[in-house]
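Trainee: Could you pick one part of this model and go through it closely with me? I'd like a connected picture rather than a list.

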Amino acid sequence: MDNGIFIVVTIFVVNILYVTIYTVRLLLTMKGYRYLAALSSVFEMIIYVVALSLVLDNLNNIANVLAYAVGFGVGIIVGMKIEERIALGYITVNVITKEYNLDLPNQIRDLGYGVTSWLASGRDGERMMLEILTQRKNERKLYKQIIEIDNGAFIVSSEPKQIHGGFWIKQVRK
C-alpha cells in the first residue's frame, strides 16, 4: 500500500475511534456515569493526539484533512449506535388510551413494569393516562407490548434526570 494512502486510511480510522469514544463519553457524562466518562476520556485524549498529529504532520495532502473530517462524522454515527446498543439509564413512558376495558395498567404490570395510572381529559373525552418507568434497553419491547394490547395508544417517552422513591426504586438502584 502506498504510504500516502496508508496515512489517509490511518487518519480516517483513528478519527473514527476518537470521535466514537468522544460521543460515548459525552453521553456517559450526561447520564451521570462520571467515573466511566473520566476513564474513557483518557483513551479519547490519547487517540485525539495521535490523530491530530498525523493530520498536522501531513497537511500537504488535502486527502488527509478530508479523511479527518469524514472520520469525525462517521465516528459520531458509530458512537451513537454503540450508545443505543448499551442503552444506559431509564426512560419514562407516558401512554394515553381511551380503551378502559382493556385494563392496560394491569396488563402492563403483569409484564413486569411499574405503572401509575390516572383519569385524564382529552379533546374527545376521558382518557386513561399511564406512566411507566423502565430501563432504556426495554424501550422498544415495551412499545411493542403496549401496541399489541392497544394499537391506538398514544405513547411518548422521556429520560428522567433523577429518580427517588417509589416501590420500584430498589430495582433501579441495583
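Mentor: Let's take the sheet, and start with a term: two strands pair if DSSP finds at least two bridges between them. Strands themselves are DSSP runs of E with at least two residues, helices are runs of H or I with at least four, and both are numbered from the N terminus. Keep in mind that this is a predicted model, where local features need pLDDT of at least 70, side-chain atom pairs need 80 or more, and totals for chains, interfaces and linings use all residues. Residue numbers start from 1 along each chain as its sequence is written, and side-chain values use heavy atoms, leaving out hydrogens and water.

So, what does the sheet look like? Four strands make it up, antiparallel in their pairing, and the sheet is open with the order 2-3-1-4. At the edges stand strand 2 (114-122) and strand 4; each has a single partner strand, so one side of each has no neighbour in the sheet. On average, neighbouring strands are turned by 20° against each other, direction ignored.

Now zoom in on strand 1, residues 90-97. How many bridges join strand 1 to strand 3? Eight, and strand 3, residues 125-135, runs antiparallel to strand 1. Two positions help you find your way along that pairing: Val95 stands opposite Leu130 in strand 3, and Ile91 stands opposite Thr134 in strand 3. Strand 1 also pairs with strand 4, residues 154-158, again in the antiparallel sense and over five bridges. Here Thr92 is a handy marker, with Ser158 in strand 4 as its bridge partner.

Is strand 1 mostly covered or open? Mostly covered: seven of its eight residues are buried. Buried means under 20% relative accessible area, exposed means over 50%, and partly exposed is in between (1.4 Å probe, protein chains only).

Back to Thr134, the residue we met across from Ile91. Thr134 belongs to strand 3, and because its relative accessible area is 1%, it counts as buried. Its side chain has a polar contact of 3.5 Å with the side chain of Asn138. A polar contact, by the way, is a pair of N or O atoms within 3.5 Å; within protein, one must be able to donate a hydrogen and the other to accept it, and residues adjacent in sequence count only if both atoms are side-chain atoms.

Leu133 is in strand 3 too. Leu133 comes out at 19% relative accessibility, so it counts as buried. Its C-alpha atom is separated by 9.4 Å from that of Glu159, although these two residues are 26 apart along the chain.

Let's finish with helix 5, residues 139-149. Which of its residues are buried? They are Glu139, Leu142, Gln145, Ile146 and Ile149. These residues cover an arc of only 130° around the axis, so they sit on the same side of helix 5; the arc is taken from the directions running from the helix axis to the C-beta atoms. An α-helix has 3.6 residues a turn, so residues three or four places apart point the same way. Turned away from the buried side of helix 5 is a face that carries Arg140, Lys144 and Glu148, which are exposed.

Technical notes. Axes are lines fitted to C-alpha atoms, for helices over the stretch in contact, and angles run from 0 to 180 degrees between N-to-C directions.
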